[in-house]
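I sat down with a new model and a short list of things to look up. My notes follow the order in which I checked them.

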Amino acid sequence: QVQLVESGGGLVQPGGSLTLSCAASENILTLNALAWYRQAPEKEREFVASISRSTTTSYADSVKGRFIISRDNAKNTVYLQMNSLKPEDTAVYYCNAVRRSGYDTNSYWGQGTQVTVSS
């Protein structure tokens, strides 16, 4: 069971920046992928960005060019740098980790961190 703990959320003005962190309880090199998702009030959880073990990244169109996902293997931590924030980025942001072993795929979630973009 992988434990994920997010931090770094808060209130920021439109156009501002914020960096989220997600610390894993074990070596993230044993995980196939790490990702960030978000869920706004009364909306479904949506994909934001992901990074593979080989550091291949993927982004939702809505954040491409503004958000950057990265990882620090030594710290077992994945980051989401968010720039040029918009009110529509307001949501609870969740960290996700995926481990594949043979035919099994396990997905782990953090508890979420609130990001509010408002003036």
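These entries cover a sheet, a disulfide, a core and one arginine.

**Entry 1: the model.** I am working from a predicted model. I keep that in mind for every entry below.

**Entry 2: the sheet.** I traced an open sheet of four strands. Its order is S1-S3-S8-S7, and the pairing is antiparallel. Which strands stand at the edges? I found S1 (4-7) and S7 there. Each has a single partner strand, so one side of each is left without a neighbour in the sheet. On average, neighbouring strands are turned by 15° against each other, direction ignored.

I then looked at S7 and S8. They run antiparallel, and six bridges join them. Across from isoleucine 68 I found glutamine 81, in S8.

**Entry 3: the disulfide.** How many disulfides are there? I count one. It joins cysteine 22 to cysteine 95, with S to S at 2.1 Å. The pair links distant parts of the chain. Cysteine 22 sits in strand S3 and cysteine 95 in strand S9, 73 residues apart. Are these cysteines buried or exposed? Both are buried. I also checked the handedness. The torsion about the S-S bond is about -85°, so the disulfide is left-handed.

**Entry 4: the core.** I turned to the largest nonpolar core, which has 31 residues. Which residues have the most contacts inside it? They are Trp36, Leu80, Met82 and Tyr93. I noted the strands that each supply at least two residues of this core. Among them are S3 (18-24), S4 (33-39), S5 (46-52) and S7 (67-72). S8 (77-82), S9 and S11 (113-117) do so as well. As a general rule, nonpolar side chains in soluble globular proteins tend to be buried together.

I followed tyrosine 93 further, leaving aside neighbours within four places in sequence. Its contacts include Trp36, Leu80 and Met82. Tyrosine 93 also touches Glu6, Leu20, Tyr37, Arg38, Val48 and Phe67. Gly112, Thr113 and Val115 are in contact with tyrosine 93 too.

**Entry 5: arginine 100.** I ended on strand S9 (residues 91-101), where arginine 100 lies. Why does arginine 100 count as exposed? Its relative accessibility is 51%, and exposed means over 50%. Not counting residues up to four places away in sequence, arginine 100 touches Asn32 and Thr105. I also compared arginine 100 with leucine 31. They are 69 residues apart in sequence, yet 7.6 Å apart in space, C-alpha to C-alpha.

Conventions: Residues numbered from 1 in each chain as written. Predicted model: local features only at pLDDT ≥ 70, side-chain atom pairs only at ≥ 80, totals over all residues. Heavy atoms only, no water. Buried < 20%, exposed > 50% of the residue type's maximum accessible area, 1.4 Å probe, protein only. Contact = heavy atoms within 4.5 Å. Core = buried A, V, L, I, M, F, W, Y, C linked by side-chain atoms within 4.5 Å. Disulfide = S-S within 2.5 Å. Pairing = 2+ DSSP bridges. Axes fitted to C-alpha atoms, helices over the stretch in contact; angles between N-to-C directions.
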